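The following account leads the reader through the strands, helices and loops of one protein model. It is best read with the structure open for inspection.

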Amino acid sequence: MLKHLLTAATITAASFAGVAAYAEGHGETITLRATANSNEADEDYAGLIVFKDYVEAASNGAIEVELFIGTQLCSNGAECLEGVSEGSIDIYISTSGGAAGIFPYVQVLDLPYLMADDRVAEHVLQGDFVRTMRDMALADSGDTIRLMTIGNTGGWRNFANTQRRIQTPADMEGLKIRTVVADLPQELVRALGASPTPIPWPELFTSFQTGVVDGSKNGITDIMGMKFPDAGLQYITLDGHAYMGALWWMNNDKFMDMDPAMRRVVVDGFYALQQATFAAPKRGAIQAYADFVEGGGDIYVPTPEEKAMFAEAAAPVQGWFRENVQGGDQILDALIAAVADAEADLAAAYEADLN
């Protein structure tokens, strides 16, 4: 045991020695321009603050991180990812929908009921599944856009509506559910018996008020942040059909041009960022759920049997994904394998911890 500790300490010391040597031998500071199309109350901003603090400290000032929150550098996923590819932006965070136009297979994160809970999702997103997606994105971008990590932005997607409590897929019948303008979420809503209705996010509040849509698939912090209950949204079913993944991209040349010691600092910085984004939605959800209930909202947690009914109804969406999305087979197989490994590891951990 002592030998292992001494070895780890030696590795750590060597790493920091490399950082110090780099800082002394290079007069110019490495500047990383990082942007998020969000605001300072968002999980993405919390992650960037942690990243900036870690990287600047661990590099002894050799790396400086400049934050651009909002639309100062770019305004949407396609534009921002083009900036990353060209090098005008070093770091950018997108949702799966924001990157799907360039990397369609990232929509695998939107496939329903594949990951059961936070422990499974967080295990999966710290392993080889992310590396598989990284390799695919590098190949498709001509080695210009590198996926650094996948965190969270808003918890889990759940079905919420203005009309009634949803306990089974049968209760979805006839409801108009807001989706983004993308095929996959629309296929999911149809599979569950509802009508997909693409509505721009800024128009959703008014659309609830006027009955243009009856519901949406969002996390609780987004629901409360946009004050949707004031527009009539009063029912939430915690089916947790999709983990709201946040994909963190970096210009590959900027990363690879760094000294290995600096690359390690950046990789560790993204790990710290990921952990911060895993935690932030859980903390924010506590007050958000309390406020929703206090305002008269109804929260329903499906039984395991009801959850299985939702998963069975939505199963054809996987087949659609394989047939219609470029790279769909490869990335879905990687996710299914990663989930199986995560569940096996967690089962062993529960066995050890519960007995």
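## From strand pairs to helix packing

In this predicted model, Asn158 stands opposite Asn218 in β7. The two strands concerned, β4 and β7, pair in the antiparallel sense over four bridges. Strand β7 covers residues 215–218, and its side chains alternate: Gly215 and Lys217 point one way, Ser216 and Asn218 point the other way, and all are buried.

Ala160 also belongs to β4, the strand of residues 145–161. Because its relative accessibility is 1%, Ala160 counts as buried. Setting aside residues up to four places away in sequence, Ala160 touches Asp214, Gly215, Ser216, Ile223, Leu233, Tyr235 and Ile236. Two of these contacts, Gly215 and Ser216, lie in β7 and point to opposite sides of that strand. Ala160 can also be located relative to Ile177: the two residues are 17 apart in sequence, and their C-alpha atoms are 8.8 Å apart in space.

Ile177 leads to the next pair of strands, since Ile177 stands opposite Pro196 in β6. Strand β5, residues 176–179, and strand β6, residues 195–198, pair in the parallel sense, with four bridges between them. Together with α7, these strands make a right-handed β-α-β unit. Within the helix of this unit, Leu184, Pro185, Gln186, Leu188 and Val189 are buried. Just after α7 comes Gly193, which takes a positive phi of about 95 degrees.

Helix α7, residues 183–191, is also one of the elements against which the buried residues of α12 pack; the others are β9 (298–300) and α13 (316–324). Which residues of α12 are buried? In this helix, which covers residues 304–314, they are Glu306, Phe310 and Ala314. Viewed down the axis of α12, these buried residues fall within an arc of 75 degrees, so they line one face of the helix. The general geometry of such a helix fits this pattern: with 3.6 residues a turn, residues three or four places apart point the same way. The other side of α12 carries the exposed residues Pro304, Glu305 and Glu312.

The packing of α12 with α13 can be described further. Their axes come within 5 Å and cross at roughly 30 degrees. On the α12 side the contact is made by Glu312, Ala313 and Ala314, and on the α13 side by Pro316, Val317 and Gln318. Sorted by class, the residues of this contact are four nonpolar, one polar and one charged. Glu312 thus takes part in the contact with α13 and is exposed, whereas Ala314, also in the contact, is among the buried residues of α12.

A further set of strands centres on β3, residues 91–94. Both faces of β3 are covered: Ile91 and Ile93 are on one side, Tyr92 and Ser94 are on the other, and all are buried. Strand β1, residues 30–36, pairs with β3 in the parallel sense over two bridges, and Thr35 stands opposite Tyr92. The pairing of β3 with β8 is antiparallel and has four bridges. There, Ile93 has Trp248 of β8 as its bridge partner. Strand β3 therefore pairs with β1 in one sense, parallel, and with β8 in the other, antiparallel.Two loops hold residues with an unusual backbone. In general, most residues other than glycine have a negative phi. Asn60, although not a glycine, has a positive phi of about 60 degrees. Asn60 is found in the loop between α2 (43–58) and β2 (63–69), and it counts as exposed because its relative accessibility is 55%. Lys227 is not a glycine either, and has a positive phi of about 55 degrees. The place of Lys227 is in the loop between α9 (220–225) and β8 (235–251). With a relative accessible area of 51%, Lys227 is exposed.

The last residue to consider is Ala337, in helix α14, which covers residues 328–354. Its relative accessibility is 38%, so Ala337 counts as partly exposed. Ala337 and Glu294 are 43 residues apart in sequence, and their C-alpha atoms are 41 Å apart in space.

Technical notes
Residues numbered from 1 in each chain as written. Predicted model: local features only at pLDDT ≥ 70, side-chain atom pairs only at ≥ 80, totals over all residues. Heavy atoms only, no water. Buried < 20%, exposed > 50% of the residue type's maximum accessible area, 1.4 Å probe, protein only. Arc of directions from axis to C-beta. Contact = heavy atoms within 4.5 Å. Pairing = 2+ DSSP bridges. Right-handed = clockwise from strand over helix to strand, strands pointing away. Axes fitted to C-alpha atoms, helices over the stretch in contact; angles between N-to-C directions. Nonpolar A, V, L, I, M, F, W, Y, C, P; charged D, E, K, R; others polar.
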